[in-house]
Amino acid sequence: ATAAQEISASVQHANASVAEVTGSVGDVSAAAEETGRSASEMLAAAQQLEENAACLSSLVEDFTKDMTA
């Protein structure tokens, strides 16, 4: 009976370990998804900043031309 109890305990421990690893994989997956969303938001913000910088540069150039005219 002792061997059977040890086997049963080992199987339960293995099941608990599998559940823990599964949970960790789920956590990593969720973190990766969040990282992807954040990267997309950062890219959109950088693109908007680039557009704003180009617009500002054009306005400054026009202002400079007007001042020298």
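Glu-61 is partly exposed, at 43% relative accessibility. In this predicted model, Glu-61 forms a salt bridge with Lys-65. Their closest N and O atoms lie 3.4 Å apart. Lys-65 is also partly exposed, because its relative accessibility is 49% and that class runs between 20% and 50%. The two residues sit four apart in helix H1, so about one helical turn separates them.

The count comes to two salt bridges. The other pair is Glu-34 with Arg-37, with closest N and O atoms 2.8 Å apart. Both residues belong to helix H1, three residues apart, about one turn of the helix. Glu-34 is partly exposed at 40% relative accessible area. Arg-37 is partly exposed at 45%.

| Salt bridge | Closest N and O atoms |
|---|---|
| Glu-34 with Arg-37 | 2.8 Å |
| Glu-61 with Lys-65 | 3.4 Å |

Helix H1 covers residues 2-68 and includes Leu-59. The chain has one helix and zero strands. Its C-alpha atoms fill a box of roughly 100 × 10 × 5 Å along the principal axes. The radius of gyration is 30 Å, whereas a compact globule of 69 residues would have one near 11 Å.

What share of the 69 residues counts as buried? The share is 0%. The chain exposes about 5,900 Å², with carbon and sulfur atoms supplying 63% of that area.

Leu-56, Leu-59 and Val-60 make a nonpolar surface patch of about 290 Å². Leu-59 has a relative accessible area of 51% and is therefore exposed, as the cut-off is over 50%.

Key. Residues numbered from 1 in each chain as written. Predicted model: local features only at pLDDT ≥ 70, side-chain atom pairs only at ≥ 80, totals over all residues. Heavy atoms only, no water. Patch = residues over 30% accessible without salt bridge, like charges linked within 9 Å, V, L, I, M, F, W, Y side chains within 5 Å. Areas by Shrake-Rupley, 256 points an atom, 1.4 Å probe, with all protein chains shown as cover. Salt bridge = Lys/Arg side-chain N within 4 Å of Asp/Glu carboxyl O. Buried < 20%, exposed > 50% of the residue type's maximum accessible area, 1.4 Å probe, protein only. Rg over C-alpha atoms; globule rule 2.2 N^0.38 Å.
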